[in-house]
Amino acid sequence: MSVTPDDVLRIARLAELEVDEDALPVLVEQMSRILDYVAQLSTATGSNGLRPFVPGPDAIRFRPDVVNPWPLAVGPDKLAPAFKSGFFVVPKLGQFEEPEAS
Amino acid sequence: MTEAKAAADRLVKVKRLNALLTPVSELRKSLAEQAATARPTGVLYGMPVAVKDNICTLEFTTTCGSKVLEGYRSPYEATAITKLKAAGALIAGKTNCDEFAMGSSTEHSAYGRSIHPLDKTRVPGGSSGGSAALVAAGAVPAALGSETGGSVRQPASFCGVVGIKPTYGRVSRYGLVAFGSSLDQIGALGRSVHDAARVLSVISGRDPKDATCEDRDPLRLPTVPESLQGFVIGLPREYFPPDLDPAVRRACDRAVRLMKEQGAAVREVSLPHTQFAVPTYYVIAPAEASSNLARFDGVRYGPRAEGATDVRDLYRRTRGEGFGPEVRRRILVGTYVLSAGYYEAYYRRAQQMRALIAQDFRNAFDRGVDLLFTPTTPTPAFKAGEKLADPVSMYLSDIFTVTANLAGLPAISLPVGRVKGLPVGGQFIGQAFLEDEMLEAAYALERVVPATEEA
Amino acid sequence: MTGWETVIGLETHVQLRTASKMFCGCSAAFGAAPNTHICPVCLGLPGALPSPNGEAIKHAVRATLALGCTVHAKSVFARKNYFYPDLPKGYQISQFEEPLATKGSLTFLAPERGLVTATIVRLHVEEDAGKSLHDRFPKATAVDLNRAGVPLIEIVTGPDFRSPQEARAYLQTLKQVLEYIGVSDCDMEKGSLRVDANVSVRRPGDTALGVKTEVKNINSFAYVEKALGVERDRQVALLESGGTVTQQTMLYDAKDNAVRPQRSKEESHDYRYFPEPDLPPLVLTPEFVAEQQSLLPELPASKRERFVAQYGLPQQDAAVLTAGRSVADYYEGVVHAGAEAKAAANWVMGEVLADAKDHAEALRVPAASLAQLIGLVKGGTLSHQAAKRVFGELANRGGDPRTIAEALGVIQVADSNVVAGWVSEVLAAHTTEVTRYRTGETKLMAFFVGQVMKASKGKADPKLAQRVLEERLAP
């Protein structure tokens, strides 16, 4: 069950990863290899309908609703690659994209 | 103060290993400052502990072995680090690792590979290779690493030191840069069981900042037992396959004999779904990683690609340029197995298989076995470059370690012999939150096993 | 608009009124300077982990109970993965396959169809994203993460509304209920209540649903009606001219009162939901749920019915008095302090609400004081006009009603002897009118009362004056 170059490009778009045209064939081959390898899970019987296993506590323990922020040693202006007048700055969305109305 | 200087000197001496990412001058300065303020009543007072570079510290940078966090200084520290400092320990620099803990050789670091202390042509293992190398070279008595699929135990086995992975939820993950959230744990490496266990004990215990950390007191260390009388050790047949490296088998057989001599009862058991463990792991871990690494986008911290035309371009180039090939592969695989149309067949199926793997362990323990004993790795340390051509071949070196991560169980690797001069590790896998029993067995074995003798 | 039936479903996001955020201890308060309510968690720093706010869960559970939902003892948080500058982790912690609650309902008064019961398909808990400001800097987007991590509940209805007006009426009722139970202030201007709508049209009698579009960027209740009307009209025009409706997202532009497609170069999102590995399941004990149930106040519909029954008020008045919880509680305070129910209703609906409107909704006169004031009018000590003046003083300066009335000199004389004296004076001075009155011009009573008021310089109790006049003028 291999992946096609189109599959890889579509997945790369979803993951916001730039993929070099030159690197694409090797990447497709490696991805196919890995996905073929893990696809053997579908041959395993007896796992259908089983409840997934997740380790850790059985239930959430709640935090009290108190304003008590966990401290930052420096402000966002020192962390950010671009920061102006109190805001993080990023290049605008492209010409074909409208803002995700939030 | 002298301890701080001595610690720095020891680390400088092994520079060639490329195990330490922290520049020496910064290290010296920080150790001196830390020594001045360290808590004298702490149980680890003055102990220099090196820290894998995927654990956030206020001192030094936290790069996770990646260019995408080059120069990043975390504005907060991990809970485990706070606890170490409260116990008087010194944070002795950040160690090299596979990028974002993805790898089994430390060859996937953006800052060069680390070198095996006994053979410079070989890898120290990964992803906590830097930590293991420093401990093995005697530069620090202990170090923190992290486990997702065996990344503490495997390099411990390759380098001939002790590596402990706690039960999932025993140690807070707050400040451990997430790779596979349902698998990750911070672990400890040390020259002896005692050194590693002391560190693990200090960093363990409840933390309200990590909702997956159990509400328990810190680990209480057991005393060294007089014998292994009363212990039932299970040997899962799937971990001793016919094609197991004969030298590794000899070393483990010798260890088992010694355990019997100490009074342990030994039984063969079966963990029938072992063959599915690696593919299960390589669905779940990349899936969670693909989501955990989405935050590295150049917006709020870290370097940012130059000259992006719009924000999507910014993301793609920052991430494309910042992540190495193994990380990119895993993000793509992870995104794929979560995507529409594939989630059921891959991710959901893998989580169900995980339940079967966990069930295998429960069945073995329910039948009266206290601990399992297995080889830690199928071979000793391999040569650098040997496993880079085929990504899956690297994955197969995790074959004996991933099951404990999938089942959330504690495990400890200790050196049990040498093969042509290279260390070989054997591991105990224990029951959830019963690290004390596991440590007792480890103490007992350590006491008698000829770890530096050829098997 | 004949020949077409409009079908609307609503997705509402409501910010919960907690002190801290959903997954960290930062303040959830609105209006702070940008990027001042942040920490490693809501900044999405490497290594940070979510820590769930118990109060937010309590608020959410009360909301589910008030909306008649089935609360699930176990629900699971899930990651919704997508990239956007104001989404720090590159995913939103939400709920997907196992939400907090399903299958509720909300009955509201639809303008044309009367009482309609909307189905609440699901209600789940999630965290808010930050804010992206596209006009702050040229060629760049400014990001403020103060809002990132504020607790939200998402409430999804079925395709239950048949007009934009109905959608608005439902939202107003939803807002009322959520305000009543104190979980949110539901302010569309502040963004604590946000709405996305699904709109489609079909021929009346059709059971299948038409292709739906999603309408976003609606920023007030009034715009809800406008935006949905515009989209419906667009779809109808399209279908009538032989076209087909494409499933897409439309953004409402309030300036033009128009909707435009949200064009995106990319394919539609694949959110790759999976259970959140950093959080155990959300497990609610029956005791926990019962406690939240017991903390629910009387809901608006029940309160309205009770006001009608208990205070003998007409539906319309009961509706006004129960529109907001603070006014309803105030009204009952006035009645419990001794005021007569109907008089109290008139005063609250009149003077009190008018004053509140000008003073940021403050109910400035204490309930007990208003009750006293109403008593003074009832007892004839103050005329209604005088009482209004006293009310104004009470609102601005506080104090005691009787003392203020005395200070203003508006206490009515209700002493019949004194009033009788004035009446005698007036009758003596207007003998012609007396005769005319006694021969049948009874409408002159108003004139006599006016004269008594003049003689008493406004102090006479006009009702008493009229009674005395009627006695004295009786043939």
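Analyst: Let's start with a bit of vocabulary: a helix axis is a line fitted to C-alpha atoms over the stretch in contact, and angles run from 0 to 180 degrees between N-to-C directions. Keep in mind that this is a predicted model.

User: OK, so at what angle do helix α13 and helix α16 of chain C pack?

Analyst: About 55°, and their axes are 10 Å apart. Helix α13 of chain C covers residues 416-429, while α16 of chain C covers 462-473. An angle counts as oblique when it falls outside the roughly parallel (under 35 degrees), roughly antiparallel (over 145) and roughly perpendicular (65 to 115) ranges, so α13(C) is oblique to α16(C). As for handedness, α13(C) and α16(C) make a right-handed crossing.

User: Which residues make the contact between α13(C) and α16(C)?

Analyst: From α13(C) you have S416(C), V419(C), A420(C), V423(C) and L427(C). Facing them from α16(C) are L464(C), A465(C), V468(C), L469(C) and R472(C). Sorted by class, the contact of α13(C) with α16(C) has eight nonpolar residues, one polar and one charged.

User: Now the sheet. In what order do the nine strands of chain C come?

Analyst: The general idea goes like this: backbone hydrogen bonds pair the strands of a sheet, either parallel or antiparallel. In chain C the order is β2-β6-β7-β10-β1-β11-β12-β13-β14, in an open sheet with mixed pairing.

User: Why is one side of β2 and of β14 of chain C left without a neighbour in the sheet?

Analyst: Because β2 (70-71) and β14 (258-261) of chain C stand at the edges, and each has a single partner strand. For a pair to look at, take β11 (residues 193-202) and β12 (residues 213-218) of chain C: they run antiparallel, joined over four bridges. One place to zoom in is N198(C), whose bridge partner in β12(C) is E214(C).

User: Which strands of chain C does helix α4 touch?

Analyst: Helix α4 (residues 221-240) of chain C packs on the sheet against β1 (5-15), β11, β12, β13 (249-253) and β14 of chain C, and its direction makes about 25° with that of β11(C).

User: Zooming out, how is chain C divided into domains?

Analyst: Into domain 1 (5-289), domain 2 (298-387) and domain 3 (416-473). Taken over C-alpha atoms, the centres of domain 1 and domain 3 of chain C are 67 Å apart.

User: And how many residues of chain C are in contact with chain B?

Analyst: 27 residues of chain C, in contact with 33 residues of chain B. On the chain C side, the elements giving two or more residues are α1 (40-43), β4 (77-81) and β9 (140-144) of chain C. That side of chain C divides into 16 nonpolar, six polar and five charged residues.

Terms used. Residues are numbered from 1 along each chain as its sequence is written. Chains are lettered from A and ligands numbered from 1 in the order in which they are written. This is a predicted model: local features need pLDDT of at least 70, side-chain atom pairs count only at pLDDT 80 or more; totals for chains, interfaces and linings use all residues. Two residues are in contact if their C-beta atoms, placed from the backbone, lie within 7 Å. Ala, Val, Leu, Ile, Met, Phe, Trp, Tyr, Cys and Pro count as nonpolar, Asp, Glu, Lys and Arg as charged, and the others, Gly among them, as polar. A crossing is left-handed if the near helix is turned anticlockwise from the far one by less than a right angle, and right-handed if clockwise. Domain bounds come from an automatic or database domain assignment. Two strands pair if DSSP finds at least two bridges between them.
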